[in-house]
Amino acid sequence: MKRRTFLLAGLGTGGALFLGWALLPPRQRLVGGTRPDTGGTAVALNGWLTIAPDDTITVVVPKAEMGQGAHTALAMLLAEELECDWARVRVEYSPIDKIYGNVSALVEGLPFAPEADGTLVRGIRWMMAKTARELGVMMTGGSSSVRDCWMPMREAGASARASLIAAAAATWGVAASTCRAEQGTVISADGRRLRFGELAALAVSHRPSEITLKAAAAFTVVGTPMPRLDSAAKSNGTATYGIDVSLPNMLYAAVVMSPFGATTAPSVTAAQMAQSRALSGVRAVVSLPGSHYGDPPALAVVAESWWQAHKAARALATATVAEASAVSTVTVLQDIRRTLRNDDGLPLRFFGGAKKVLAAASRTVDATYEAPYLAHATMEPMNATVRVSNDGAELWTGTQVPGYARAAVAHVLGLDEDNVTVHQHILGGGFGRRLDVDYIAQAAAIAKTVPNVPVQLIWSREDDMQHDFYRPATVSRLRAALDADGRVTAFVAHSAGQAPFKAYSKRVGFLLTQSGPDRTSSEGTWDQPYAFPALHTSHSETDSAIPVGSWRSVGHSHQAFFVESFIDELAAAAKQDPAAYRAALLQSHPRALRVLQLAAAKSGWGAPLEPTADGRPRARGMALHAAFGSIVAEVAEVSVARDGRIRVHRVVAAIDCGLAVNPNIIAQQIESGIIDGLSVALNGELVIEDGAPRQSNFYEYRLLRIDECPVIETHIVPSLDVPSGVGEPGLPPIAPAVANALFTLTGTRLRALPLRMPSEAAS
Amino acid sequence: MNTPNSDPITLVVNGAPATVGVDADTPLLWVLRQTLGLPGTKFGCGIAACGACTVHLDGVPVPACVTPVSAAVGKAVTTIEGLRGAVAEAVQSSWAALDVPQCGYCQSGQVMSAVALLSANATPSDADINTAMQGNLCRCGAYPRIRAAIHRAAEALPTRQQR
């Protein structure tokens, strides 16, 4: 990466940057309209950091920490340029402001292939970036946190460093160019020193007109396996989640929600209401209409303790009659399969007349795959705490979208958004579930009935699993035309299923993606690096009353299984080794080829495998997938027990995610993605009958446990490219890698998730 | 106001006596979290299926979400906030050193189970770890690091003979 010097465009001269905090061009991201809370004596040098007299650096982060390590990674970006003492760095959530809006996720959300780079595409991306900055939607998702903050965090650090140096130089009466910053101290040429904490107040009036970012070769923080800032607090019970909020006089709420498709709350008689209100600790029983944010009609019980509220709610649930609902996954899947047969989906990427080539081909491969609905099942159930006062409201919660959370509270209470204060907490898991704000709207509606008292709404595990926005079930038919040598002459993919991001956009009122094609439905087909002479990818959107949303890696979560299983089928049809077959298709994509080769080499691809301890044979399977700007290849070593149980012993992963900001967190996220993906590949299936999921808790919706967890190795391709996604890209390849290993092992091709092998006794 | 339908209950939590006036069927979990202000013990499933609420009763790991508060009377309740001693220190420092937690929500329970395991078995095998930790679900997939951190803590502790 080249050393880069630039002007902060449009900032003018003099003290405008710090004096006129809010009077800056709307599209800059250094200083916002809201000054970060500096907690008394600290000084905000821009919208991204404050410095206290004791040298504590508080990095102001606009992204949710939900396990993915974003807080540590973002702090590293800023600390790298600031030249501060890492031991003094802490992190705090930013206020809600346009400068913190996610630009990367919206630009990446455009329906262009990653390598598309024409003038028109570049123009549209530029327009979207401009629009994104003006919309200012704060959002943690799409594996975008480091990409989105890569420039602003470093610019903020570099700008503050320049101010601190200028302040020291002015104090000493020397030229700033003769001073340097090191470990939280400014040092003059003759060795005089001033600490950042001593300089911060003075630095406010010294702002740079020009800042210089460090060259990658000079990085001392970025690129190192820094320990996470939150590990200790998360190992000793002191980390505070939304559910841990405790306020004076706080009451607790539990709910009984209507099934999918219902438009009314469960009906309850006056006598039942009275009976419920007489229960120990109960303060109020209310009926809620639900809102467009996705919270269904419901009954809510408010009590002095959550246990009392929960008991009363369960009693109400048995006593009341819910509106009948016919929504079921069986009929929805029939509808999706019927839609798929029409073969008229909305094309997303096509060239070379693929369908004509296919129609004329003498040899084809044709396979249909299916993936079920999935729940997020975050470990921390949905919860939110709201206090409604005479002139406004306060919200305490964990969310991936603080701006939408605020809007939901304002909407439900009929308030101006400026009168709603949001206190953000770390998230006990997000995975896309906390992009929705249904539980927040519901908490506000409940708190409205008991004004001036904080109310904490906590969903039971059953509420959480049965009122989710699920990963949509998707069915895909893949076809390829082959020439006499088995080479692909045309590749055609057509999938059908609900459009999750369109559904989400309607709930939160995000206009840009409420119409037109939903790229998330079929991402993972049209944006892959394989070179085919002709390609046609399309998707048919289906509709149902089953609520759908973004589930970790979204469309990639199922499309990678479809495409990478099919590539393996093509390799088998061509009688070629799956790794060699993929390599041949990646000759024009050196980045993907390098990832493939690294995974193959590190996994011992092609070398014989010892049987398991109980004498069962093992086999390897491979998959490669590009998602969120990164490319991941995984090789899984698999065996099948006599009873049909699929066992994954070892997974070797290789990733190219651009410059590896924190290799330790990258490895952690690859492990996480593999285990999450394996959990659902082996067990995940949400079945809905009569408008309600059959699964309600972890004994029915099974997730991987420690005894089923493979050994995982992560290898990172060295790179100086701009960092790309890490939180999600590790997930998509694992299901096809395991399915491909099972094919090698048994000759059986599994085309539906979850993967199920027959037991030997049964066959 | 509706009042609790039982007499005050006296517990010993983290070495200190605490008297609470709650319904007798209230799970220990909610007494710890909401009555005694000890939120380190987490609510995950309510049916002893995830282990996020693991506490020690007389040193034995139990799921607090299905333990009625009355069942804790006369026993020493230890929560993540009250964890002390060489084993706890070894486990928690290994947890931080290997960056075990991601979202961290399950980790109080994981740490409680790991401390109970190492207190009973100074040199656990992988199979021992599977048995002891199988009840603790982690949605972020910290399992490989949990296993490594337990082995690391075991190595840091004096052997059984030396203790």
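**Exercise 1. Find how far apart the centres of domain 1 and domain 2 of chain B lie, and describe the contact between these domains.**

Solution. Taken over C-alpha atoms, the centres of domain 1 of chain B and domain 2 of chain B are separated by 21 Å. The structure is a predicted model, in which local features need pLDDT of at least 70 and side-chain atom pairs count only at pLDDT 80 or more, while totals for chains, interfaces and linings use all residues. Residues are numbered from 1 along each chain as its sequence is written, and chains are lettered from A and ligands numbered from 1 in the order in which they are written.

Step 1: the bounds, which come from an automatic or database domain assignment, place domain 1 of chain B at 9-82 and domain 2 of chain B at 86-156.

Step 2: the contact (C-beta atoms, placed from the backbone, within 7 Å) draws 15 residues from domain 1 of chain B and 12 residues from domain 2 of chain B.

Step 3: on the side of domain 1 of chain B that touches domain 2 of chain B, at least two residues each are supplied by β3 (54-57) and β4 (60-63) of chain B, where strands are DSSP runs of E with at least two residues and helices are runs of H or I with at least four, numbered from the N terminus. β3(B) gives the most to this side, with three residues.

Step 4: by class, this side has seven nonpolar, seven polar and one charged residues, with Ala, Val, Leu, Ile, Met, Phe, Trp, Tyr, Cys and Pro counted as nonpolar, Asp, Glu, Lys and Arg as charged, and the others, Gly among them, as polar.

**Exercise 2. State how many residues chain A and chain B each bring to their contact, and which element gives the largest share on the side of chain A.**

Solution. Step 1: chain A brings 51 residues and chain B brings 49 residues.

Step 2: two or more residues of the side of chain A come from each of α8 (306-319), α19 (663-682) and β27 (711-716) of chain A, and the largest share, six residues, is that of α19(A).

Step 3: sorted by class, the side of chain A that touches chain B holds 23 nonpolar, 18 polar and 10 charged residues.

**Exercise 3. Describe the packing of helix α11 and helix α12 of chain A.**

Solution. Step 1: two packed helices are described by the angle between their axes and the distance between the axes. For α11 (residues 402-413) and α12 (residues 438-447) of chain A, the angle is about 35 degrees and the axes are 8 Å apart, the axes being lines fitted to C-alpha atoms over the stretch in contact, with angles running from 0 to 180 degrees between N-to-C directions.

Step 2: α11(A) contributes A:Ala405, A:Ala408, A:Val409, A:Val412 and A:Leu413, and these meet A:Ile440, A:Ala441, A:Ala444 and A:Ala445 of α12(A).

Step 3: the residues of this contact divide into nine nonpolar, no polar and no charged.

**Exercise 4. Determine how many residues of helix α14 of chain A are buried, and what covers them.**

Solution. Step 1: seven of the nine residues of α14 (residues 500-508) of chain A are buried, that is, have 20 or more other C-beta atoms within 10 Å of their own, these atoms being placed from the backbone.

Step 2: the buried residues include A:Phe501, A:Lys502 and A:Arg507, and what covers the buried residues of α14(A) includes α11, β20 (488-498) and α15 (519-522) of chain A.

Step 3: just after α14(A), A:Gly509 takes a positive phi of about 80 degrees.

Technical notes: Contact = placed C-beta atoms within 7 Å. Buried ≥ 20, exposed ≤ 12 C-beta atoms within 10 Å, placed from the backbone.
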